[in-house]
Structure formats: structure tokens, C-alpha cells
Amino acid sequence: MTNDNKKQKYLITSALPYVNGELHLGHLVGCWLPSDIYARFCRACGRDVLYVCGADEHGTPVIVGAMKENMTYFDYATKYYEKHLRAVKDFNMSFDFYGRTHTELQEKLIHELFLRLDEEGLIEERETLQPFSIDDNMFLADRQLLGTCPKCGYENARGDQCDKCSASYEATELLNPRSAISGSTNIELRPTKNLFFLASKIEGKWKHWLEKHTSKWSKTAIAIAQGWVKEGLQDTSITRDLPWGIPVNKPGYENKVFYVWFDAPWGYVSISQAANKDWATWWKNPDAHYAQFMAKDNVKFHAVFFPEQQLAMNDNWKTVDQLKSMNFLNFEGGKFSKSENRGVFLDQAIEIAPADAWRYALIASAPETDDTNFTFSRFADIVNKDLNGMLGNFVSRVCKLTEKNFGLRIPNPGPIDDALITQINEKLSELTTALDACEFRAAIVALRSLYALGNEFMTIKEPWALVKRGETDAAGAVLNQCFQLIDLYARVSAPFIPDTAEKIRKIFSADLNLSWPETYTPRIDEGTSFCVPENLFTRIDDETVAALTDKYAPKIDSAPKPIVAKIVAVKKHPTQENLHILTVDDGTNHELQVVCGAPNVRIGLIGVLAPIGCILPGAKKPIMQRTVASIESYGMMCSAAELGQGKNTDEILELSNDFNIGKEYKG
RNA sequence: GGGUUAGUAGCUCAGUUGGUUAGAGCGGAGCGCUCAUAACGCUUUGGUCGUGGGUUCAAGUCCUACCUAACCCA
């Protein structure tokens with residue numbers, strides 16, 4: 001398989017992260033790591049790879065951010081671009097070039113492309129009314145406009161949508177509109193002209209293209225594209241009234257820039273131009289293989305917008321063959337959030353553990369099919385077990401046992417163990433197939449199986465026992481085989497953990513490359529000298545895990561909240577006159593036993609249950625499971641007073657039938 | 001509000017076109033080994049496959065409704 005692909009051109013792009021804030025682990029696992037592993041794998045297979053990424057710099061967040069920090073737009077973007085560069089280096093990303101979109105090359109390219117679209121008759125001028133902030137002297141995009149929601153009266157509603165009641169409306173309907181930038185209420189509607197890209201005109205072409213190009217796409221990517229097939233492609237405005245971006249090269253548009261999503265995907269091309277003078281041998285080559293990596297929120301742009309523009313150019317642009325989209329990585333049960341200080345950002349991550357530990361552990365729990373929760377506990381398990389125990393320790397035990405009994409030279413080989421070789425080749429083939437298909441979790445499963453084979457082999461053959469029994473040749477043969485495995489591990493691990501692979505490679509005095517092995521063949525000669533390396537990985541102990549969790553994942557209030565629940569049965573207490581034993585349905589548990597003293601209990605009553613662990617307003621201790629007059633009670637039905645509403649302490653609260661059982665009761 | 005995707009062991013995930021006893025790894029329990037980084041190997045324990053209906057000789061897999069989450073759109 002890999003043989004046929006030799007020297008074939010592989011174009012690989014990783015979605016361009018935005019220059020706004022520090023990157024976190026989600027960015028790393030969502031685009032950078034999968035694309036980097038794939039790129040390294042392709043290069044090791046001898047393929048001709050062009051692999052680029054860079055910073056996406058245009059759009060409104062930079063404008064807002066720069067104003068806040070009182071910097072120029074370019075300086076602000078540069079500040080974060082430099083952070084990106086540091087992370088690229090820290091995590092060993094093997095981009096041919098990490099570029100940016102605010103460059104002369106980009107501007108030149110976008111101008112050419114725009115003229116091309118215009119020539120093709122796919123650009124149209126349309127006039128619309130837009131909110132204009134007189135004090136800021138600029139038109140406001142939907143996100144830059146705040147006001148009072150016309151539906152619910154929420155005061156911080158956005159220009160197009162209310163975050164509280166999720167109503168949507170036209171910006172013109174918003175009450176008391178104000179600028180999100182300056183806070184000024186001096187807003188008026190002004191007519192403005194914008195250029196539209198007539199995507200509807202190339203819908204047929206795009207659909208035709210789609211039919212033939214999705215064989216290697218992620219399932220979610222195909223689904224999203226299919227959604228647009230049904231809906232149809234819509235003409236989109238590609239210009240904005242903003243002071244930051246690629247200026248529009250058309251008379252009358254001197255104060256406008258291109259919409260960020262018109263220029264950003266083409267950043268792949270301009271960055272390629274900066275990376276390699278032969279860029280066109282990938283980008284204009286129908287035989288090249290193009291793989292894109294991105295997070296799920298970005299699929300629309302890669303499956304629809306970018307290809308439709310490429311097709312519209314009618315200029316032989318290489319479109320995506322393999323579209324790999326990743327889901328999101330959550331952190332310790334919640335989303336990454338800079339403001340809540342939740343999550344690990346890349347500058348912190350590199351202080352916590354070496355790049356290889358992150359690379360391996362993150363890709364081993366990559367969110368390939370669904371959002372995945374990352375925890376330090378899991379991180380430590382993976383590093384300790386796979387890297388430390390199975391790989392690092394294997395290298396260590398083989399080197400040390402050999403040094404002790406044979407000195408620092410590879411012992412002579414013995415007869416070939418066919419069973420072992422068969423197993424190795426099986427796993428190697430699984431690994432290669434998984435990497436070619438960009439199935440990274442499957443790849444890790446195969447990789448660790450390979451690590452396991454070495455340890456199993458040692459246990460079965462017991463070379464230390466052979467030495468004791470004086471069977472030195474047999475012991476040497478086993479160890480020779482183990483060294484061949486170590487060499488193999490360096491090669492197959494290299495795309496994942498490049499630093500470690502290099503350390504392993506340097507164990508041997510022979511200067512061997514880390515090319516991808518198509519099938520297993522021993523290549524370390526007997527007598528080759530080797531060295532005993534420092535431990536390849538360090539164990540992460542429980543105390544460290546606890547400390548890290550504490551530092552980076554401040555406990556969100558995880559106590560259960562009061563929930564709406566229904567009384568499904570009422571029994572009198574056998575001894576206590578005023579108590580009842582209730583059976584309560586809380587949505588998940590349909591037969592929860594609760595002892596209650598309120599007089600108004602009855603079957604069918606919908607009320608509020610404080611489950612075990614719940615801390616009621618004003619209470620110091622959570623509700624415990626306890627035994628009331630010798631009957632166990634699992635929670636408490638609440639009165640209005642207990643919920644902090646009103647003074648009724650005697651009767652439990654009664655709700656209408658509109659409340660959904662099992663939902664949190666929010667008062 | 002509409003669309004899409006997902007819901008499988010304590011945790012993280014596999015389960016191809018519906019077809020015997022639902023699979024891994026981690027964690028837990030036990031045994032073995034002592035070359036090695038309290039590392040390695042073996043055995044074992046965990047599941048009403050979100051819930052309720054339906055189609056079928058047969059449903060984790062198909063249909064439907066609902067619940068939950070995420071993303072996209074409005």
C-alpha cells in the first residue's frame with residue numbers, strides 16, 4: 001500500500017487557529033496533533049509532503065481585543081502569533097511553515113482570486129442597511145451590537161440573538177442599541193454596499209463535486225455537507241465595513257475589507273507559497289492527495305465554503321480528498337475557559353509534562369467520534385502505563401540486562417521466532433492502515449499492542465533465567481530480538497512521540513533512519529554497540545495528579561441541585577403519626593423512598609426533591625441519607641421556605657403539571 | 001425553533017451491510033515473575049447497549065416518540 005504511494009504528493013493542512021488568546025489542549029488535539037502525526041507518517045513513508053498551518057488574523061475579535069489592550073491590530077495579532085510559534089516549537093509540530101494571514105502574499109492572492117471571481121460573473125453588489133456607531137465611526141457587525149431583547153427584555157442581548165431567551169430578530173428590532181466596543185448609544189442605520197459571492201450559481205457544480213469526493217471524509221463532515229445539499233448554497237456577502245483585514249480591490253470599496261471567511265481558507269495557499277516555491281505542484285496537481293484537519297465547528301467552511309470558492313475559480317485548484325474533523329475535548333467535566341481559569345493552556349502544559357507525554361496521551365484519547373472528557377487522572381494512567389511501563393521500561397530492562405551479561409554490544413541472534421514475527425507484522429499492518437485512514441485511536445491501540453509484544457516475549461523467554469542456567473547463547477538471542485524490537489519501536493513511534501523516538505534511535509551506534517517499516521525486518525547487526533539511556537519517561541504519581549487537578553480544574557459546584565419530582569405512592573409511617581413514607585419519581589430513579597412530615601403529601605403531587613448531597617439555600621451541610629424513625633430516607637421533599645422562597649415551612653411546595661420531572665428546579 | 005451527531009461496563013472507547021454466549025484498554029480483585037522505572041506477564045470481575053413504543057423468525061444495530069449533550073443553522 002505505502003509502496004504505491006511513494007513520491008506521491010501529499011498536501012496536508014491543519015485549520016488555522018485564531019490569534020486571540022492562548023491556545024489550549026483542545027486546539028492541540030483537535031487539529032495540530034492529528035495532522036502532525038499524519039504528516040510525519042507520510043514523510044516516513046517517503047511521500048512528498050507539503051504540510052502547512054498558520055494564524056488566522058482577520059475578523060472582529062482582533063479589533064475588539066486590540067482596542068481593549070490599546071494596541072494596533074497588527075501588534076495585537078503579532079503578540080498572539082508569537083505565542084503560537086512558541087507552542088509550535090514546544091510541541092514539536094513539523095509544519096513546513098507556520099505562517100499568518102496578514103501578509104503581502106495573502107493580500108496579493110486574495111486580490112487575484114477576487115478579480116477571477118468577478119470575471120467569472122460570480123460577484124454582485126447589493127445595498128443593505130447596517131447599524132452604524134457614530135462615536136466609533138464604524139459599522140457594527142452583529143456581535144459588536146448590544147441592546148435590550150425585544151422579546152424578553154434582557155439587557156445584554158446581541159445584535160441578532162438573545163442569549164437569554166434565544167430569540168432571534170433583525171438588528172433593527174433591538175431596543176436601546178449600543179456599541180459593544182465603546183458602549184455608545186449613538187447608533188443609526190445607514191445604507192451600505194457590499195459585494196456578494198453568488199454561490200447559488202455554482203451549486204450544481206459543487207454538488208457534482210461532492211458526490212465524488214467524500215469517500216475519505218469523516219462521517220460528521222459528510223452529514224454536514226449533505227445538510228447543505230438539501231438547503232442549497234446561498235449567496236454570501238464577502239465584504240465588511242471593518243478597519244482590519246484584506247482591503248477590497250474595487251473602486252468605491254476603499255473603506256472595506258474582505259470577510260474573514262473569504263480570505264482565511266486561502267491562507268493555506270498563501271502560506272504554502274511562503275513555504276515552498278513549488279507550491280503549485282501540490283495545489284494545482286489533480287494527482288496530489290489533500291488531507292485537511294479541523295475541529296467540528298469548522299467543517300462547514302472546509303466542506304462547503306472553501307471548495308465552492310475553489311470550484312468557482314475554475315482554475316484547477318486542488319480540493320480536499322480526506323477531511324478529518326475532530327470533536328471537542330472537554331476538561332475535567334467542563335469546557336475550556338480562560339475566564340474561569342479552567343483547562344490547561346499550551347504554555348502551562350509544557351511546564352507540566354514533556355511534549356511527547358502530551359502528544360501520546362492526547363491522541364490516545366482523541367475526540368474522534370464524540371466530545372471526550374480529559375482528566376489528569378486519565379493522562380497519568382496513559383503516561384504511566386503505556387509510555388512509562390510498556391515502552392520506557394522495556395527499553396530499560398533490555399539494555400540493563402544486556403549490559404550486565406554481555407557488555408554494551410548487541411548479542412548474536414538466534415533462530416527466528418516465527419510466531420512473534422507474524423504477530424508483529426499483523427499489528428504493524430493494523431497500525432499502518434489506521435494511520436492511512438487517519439484513525440488515531442485505532443492507531444494507538446495497534447501501537448501499544450506492539451509495545452506489549454516485547455514485554456510478553458521477555459516474560460515467556462525469561463532471558464534472566466537462561467543466563468542463570470548458563471544458557472548464554474539462548475539468552476543473547478532473546479536479547480538480540482528485543483533490540484530489534486526497540487529499533488522497530490523507534491520507527492513506529494516517531495510520528496507520535498518524535499523526541500523519544502530520537503532518543504531510542506541514539507541508543508544504537510549505527511546511524512539508522514526512522515523510515516516507516518512496511519514489514520518487520522531486523523536491521524541491527526550483532527556486535528553493534530549501544531548505550532543505556534536515561535529513563536525515557538517519568539511516572540506521574542497520585543499526589544501530582546491531585547495537585548494538578550486542584551490547580552487547573554477548580555471545583556465547579558458539583559453538588560446535586562433540587563429537582564422536580566413526583567410522589568407516586570404514600571404510606572403512613574408504622575409508628576409516627578405525622579410522618580409519611582413516600583415513593584418519589586425523580587426522573588431517573590422511579591422508586592425513591594423519602595420520609596416526609598408535611599401534611600399535604602398525596603399521590604400525584606409534583607414537588608421539589610432535594611437529593612442526597614444537595615445543599616439548600618442557607619444550609620451549611622448537604623442533605624444526607626438518614627434514617628427517620630427507623631425508616632430510611634433518600635432525600636427530602638422541600639417546602640417553599642427551605643428553597644429560600646417565602647415563609648411556608650409546614651407544607652411541601654406544590655408545582656403545576658408544566659414542570660418536567662427530573663429537571664433542575666430553578667425557582 | 002430546525003438540522004446533524006452522539007448516549008454501550010466505575011472511566012475512556014470498539015461494535016462492519018440486523019444473525020450464536022455485546023468487545024478492548026484503564027481502574028478493582030487474584031496469581032506469577034524479579035531482568036527492569038513499585039515496572040512486566042497471566043487470570044478474573046464489571047453492561048436491562050439513554051427511556052418508552054414499533055417492525056422482524058431475529059434489534060446495540062432499522063422505524064417512531066421522548067430525555068440528555070454537543071455542534072451547525074434560524
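This is a guided tour of a predicted model, with suggestions for what to select at each stop.

**The parallel sheet**

Begin by selecting strands 3, 2, 1, 14, 15 and 10, which form an open sheet of 6 strands in that order, with parallel pairing. At the edges you will find strand 3 (97-100) and strand 10, each of which pairs on one side only. Within this sheet, pick out strand 1 (residues 9-14) and strand 2 (residues 48-55), which are joined in the parallel sense over 5 bridges, and then look at K9, whose bridge partner in strand 2 is D48. Now add helix 1 (residues 25-44), which lies across strand 1, strand 2, strand 3, strand 14 (289-295) and strand 15 (322-326), and which runs at about 155 degrees to strand 14.

**The antiparallel sheet**

Next select strands 5, 4, 9 and 11, which make up an open sheet of 4 strands in the order 5-4-9-11, this time with antiparallel pairing. Its edge strands are strand 5 (138-139) and strand 11 (236-237), each pairing on one side only. Strand 4 (residues 123-133) meets strand 5 in the antiparallel sense over 2 bridges, and F132 has F139 of strand 5 as its bridge partner. While F132 is in view, add R190, whose charged end sits over the ring of F132, 3.7 Å from its centre.

**Helix 5 and its two sides**

Move on to helix 5 (residues 203-213) and colour E203, W206, W209 and L210, which are buried. Seen down the helix axis, these buried residues fall within an arc of 125 degrees, so they line one face of helix 5. Among the elements that cover them are strand 10 (216-217), helix 6 (219-231) and helix 10 (299-313). Turn the view to the face pointing away from the buried side, where the exposed residues G204, E211 and K212 are carried.

**Aromatic rings**

The structure holds 35 aromatic pairs. Select Y73 and W244, whose ring centres are 5.9 Å apart and whose planes stand at 45 degrees, so the pair is tilted. Y73 lies in helix 3 (residues 73-90) and W244 in the loop between strand 12 (239-240) and strand 13 (257-258), so the pair ties together parts that are 171 residues apart in sequence. W244 is buried, with a relative accessible area of 6%.

For a last selection, show W266, Y268, W279, W283, Y290, F306 and W317 together, since they form one aromatic cluster.

Note on methods. Residues are numbered from 1 along each chain as its sequence is written. Chains are lettered from A and ligands numbered from 1 in the order in which they are written. This is a predicted model: local features need pLDDT of at least 70, side-chain atom pairs count only at pLDDT 80 or more; totals for chains, interfaces and linings use all residues. Side-chain values use heavy atoms; hydrogens and water are left out. Buried means under 20% relative accessible area, exposed over 50%, partly exposed in between (1.4 Å probe, protein chains only). The arc is that of the directions from the helix axis to the C-beta atoms. Contact means heavy atoms within 4.5 Å. Two strands pair if DSSP finds at least two bridges between them. Axes are lines fitted to C-alpha atoms, for helices over the stretch in contact, and angles run from 0 to 180 degrees between N-to-C directions. Rings of Phe, Tyr and Trp (its six-membered ring) pair if their centres lie within 6.5 Å; planes under 30 degrees apart count as stacked, over 60 as edge-to-face and the rest as tilted. A charge sits over a ring if NZ of Lys or CZ of Arg is within 6 Å of the ring centre and within 35 degrees of the ring normal.
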